[in-house]
Amino acid sequence: MRGKRSNPKKSGTKILVIILIILIIASGGVLAYKIIKDKEKEEVNVSEEDNVITAPIDEKQVEIFKGNDRPIAVMIDNHSDAWPQAGLQKAYMIYEIVVEGGETRLMALFKGVDVEKIGPVRSARHYFLDYAMENDAIYTHFGESPQAASDIKRYSMNEIDGIAEDGTTFKRVKDKAAPHNAITSMSKLIESAKNKKFKMTSNKESVLNYVTDEVNLEEGQQAISVTIPHSKLQTVKYIYDEENKVYKRLARGKEQTDWDTKEIITTKNIIVTFCDNYTLSDVENKGRQGIKNIGTFDGYYITNGRAIKIKCIKNERDEQTVYQDMEGNEIKVNDGNTFVNICPTDADVVLEEGM
C-alpha cells in the first residue's frame, strides 16, 4: 500500500500563516509596550504638573515680631520737659502707665531693629517689670525706685541700669536738661547685654496674636478719634489717618513727634486696659504708684478706625497677658506697632466717629 504524499504548497501556506501570527503577536507586544510607556510618561508629566500647582506657597510672615532676637525694653521719660522723645517709632510695642504726680512713663520694646538714638531714658518702676517679663525682655532703665530695685533682684531680671554702667552705654546730651537728657542706642545696649553674658535670643511667642491678613473689626464701633485720660495731668489722644491706616498720637493737646525726624508718632494698634492705680506708702513718701493688674479687666482693641470691647487677662506678674473678645476668643491683631494704654477703671475714654 502506498503512503500518502504531503502537499508542499499546503505546508508552505501553513508556515506563512504561523509566521504571520508570530509577527502580529510581536507587533502587538511592541505596540502594547509603547502604549504602557507613553501612559507612564503621561502620568509622570501630570504628577509633575500637579506638584507645580499644589506645591505649598510660602505663607506671609508677620513683620513686626520676626526673628529670634531677644527684645530689649527701655524706660522712656514722658515728662513734657523730655519731649520730643527718640526711637519710639521703631518700637514694636509701647506700654504707658501712670507714675507719681499724675505723669505717665513709657516702656518701649525693641526687637531686631537698629535704633541710633533712644530716650530720654528714665528710672524703673516695679509694675513695668511685669510687662518686661511677659515679653522676655532685657530691662533697661536709668535708676530705680526702691520697689523696682527689690523686684529686679527677686525675679533675677536681666537689667541694664544707666547709673551702674561704665559711661559708654548712656550719655547725657546738652539740648535737654537733666534728668530728662540720658540717651542710648540699640548697638550700645546689645554690647552691654553681651558683656553681661545675657541670653540674646528668645523663642517666646509674642504677647499679641499678630496676623498678616488685615483686621478691620467690622462688628465694632467707629473710633476715628480716641481720648484716654490717664490722670488729671496726662490725657492722650489718637487721631486716625485713614490714608495711611494708622493713628497719630497727641499728649496734653500736643502732637508727639520724634526727636530727630520731627515726624509725628503713629501707631497701627491701640489697646486700652482699665485697672486701678494707688499711692504707695513708703519711707521716701514721693507719691509713687502701684497698679492692680493681676486678674481680668475690661478694655478696648482699636485699629483701622474701629474699636471692640475686650477682656485683658493677666494671672501672674511674669505670665503673658491674654487679650480676648467678649466671646472669649483671643483677638487677632494687625501686623504693626502697638500702644498699650493702662488707665484707671473710672477713666472716661471717649471714642468718636469723627473729628
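Where does Ser145 lie? I began my notebook with that, and I found Ser145 in the loop between β4 (138-141) and α3 (146-154). A reminder to myself before going on: this is a predicted model.

**Entry 1: Ser145**

I asked next whether Ser145 is buried or exposed. Its relative accessibility is 1%, and buried means under 20%, so Ser145 counts as buried. Then I looked for its partners, leaving aside neighbours within four places in sequence. Ser145 is in contact with Ala124, Arg125, His126 and Arg288.

**Entry 2: the whole protein**

I stepped back to see the overall picture. I noted 4 helices and 23 strands in the secondary structure. The protein has 355 residues, and buried ones make up 48% of them. I also looked up how contacts span the sequence. Taking contacts between residues at least 6 apart, I found that 65% join residues at least 24 apart. The accessible surface comes to about 19,300 Å², and carbon and sulfur atoms account for 50% of that surface.

**Entry 3: strand β15**

I picked out one strand for a closer look, β15, which covers residues 269-274. Why is β15 described as largely enclosed by the rest of the structure? I counted 6 of its 6 residues as buried, so the description follows.

I reminded myself of a general point: side chains in a regular strand alternate between the two faces of the sheet. In β15, Asn269, Ile271 and Thr273 sit on one side, while Ile270, Val272 and Phe274 sit on the other. Both faces are covered, with all of these residues buried.

Which strands pair with β15? I found two to write down:

- Strand β18 (residues 295-303) pairs with β15 in the antiparallel sense, over 5 bridges. Here I could place Asn269 opposite Thr303.
- Strand β22 (residues 338-343) runs parallel to β15, and 6 bridges join the two. Here Val272 stands opposite Asn341.

**Entry 4: the cavity**

How many cavities of 30 Å³ or more does the structure hold? I found 1. The space in the largest cavity is about 70 Å³. I listed some of the residues that line it, among them Tyr131, Thr273, Phe297, Lys314 and Ile342. I was pleased to meet Thr273 again, one of the buried residues of β15.

Which strand gives the most to this lining? I noted β19 (residues 306-314), with 3 residues. Sorted by class, the lining of the largest cavity has 7 nonpolar, 3 polar and 1 charged residues.

**Entry 5: the pocket**

I turned to the largest pocket, whose volume is about 250 Å³. I found 15 residues lining this pocket, and the closest to its centre are Gly87, Lys90, Val115, Asp258 and Thr261. By class, I wrote down 5 nonpolar, 3 polar and 7 charged residues for the lining of the largest pocket.

**Entry 6: Gln221**

My last stop was Gln221, in strand β9 (residues 221-222). Its relative accessible area is 37%, which lies between the 20% limit for buried and the 50% limit for exposed, so Gln221 is partly exposed.

What does Gln221 touch, not counting residues up to four places away in sequence? I wrote down Tyr300, Gly305, Arg306, Ala307 and Leu351. I also looked up Gln221 and Lys309, which are 88 residues apart along the chain. Their C-alpha atoms are separated by 9.3 Å.

How values were computed
Residues are numbered from 1 along each chain as its sequence is written. This is a predicted model: local features need pLDDT of at least 70, side-chain atom pairs count only at pLDDT 80 or more; totals for chains, interfaces and linings use all residues. Side-chain values use heavy atoms; hydrogens and water are left out. On a 1 Å grid over the protein atoms alone, a cavity is a set of points where a 1.4 Å probe fits but cannot get out, and a pocket is an open set with protein on both sides within 12 Å along at least five of seven lines; lining residues have an atom within 4 Å of a point. Grid points are joined across faces, edges and corners, and a volume is the space filled by probe spheres set on the points. Ala, Val, Leu, Ile, Met, Phe, Trp, Tyr, Cys and Pro count as nonpolar, Asp, Glu, Lys and Arg as charged, and the others, Gly among them, as polar. Buried means under 20% relative accessible area, exposed over 50%, partly exposed in between (1.4 Å probe, protein chains only). Contact means heavy atoms within 4.5 Å. Accessible areas come from the Shrake-Rupley method with a 1.4 Å probe; for residues, only the protein chains shown count as cover. Two strands pair if DSSP finds at least two bridges between them.
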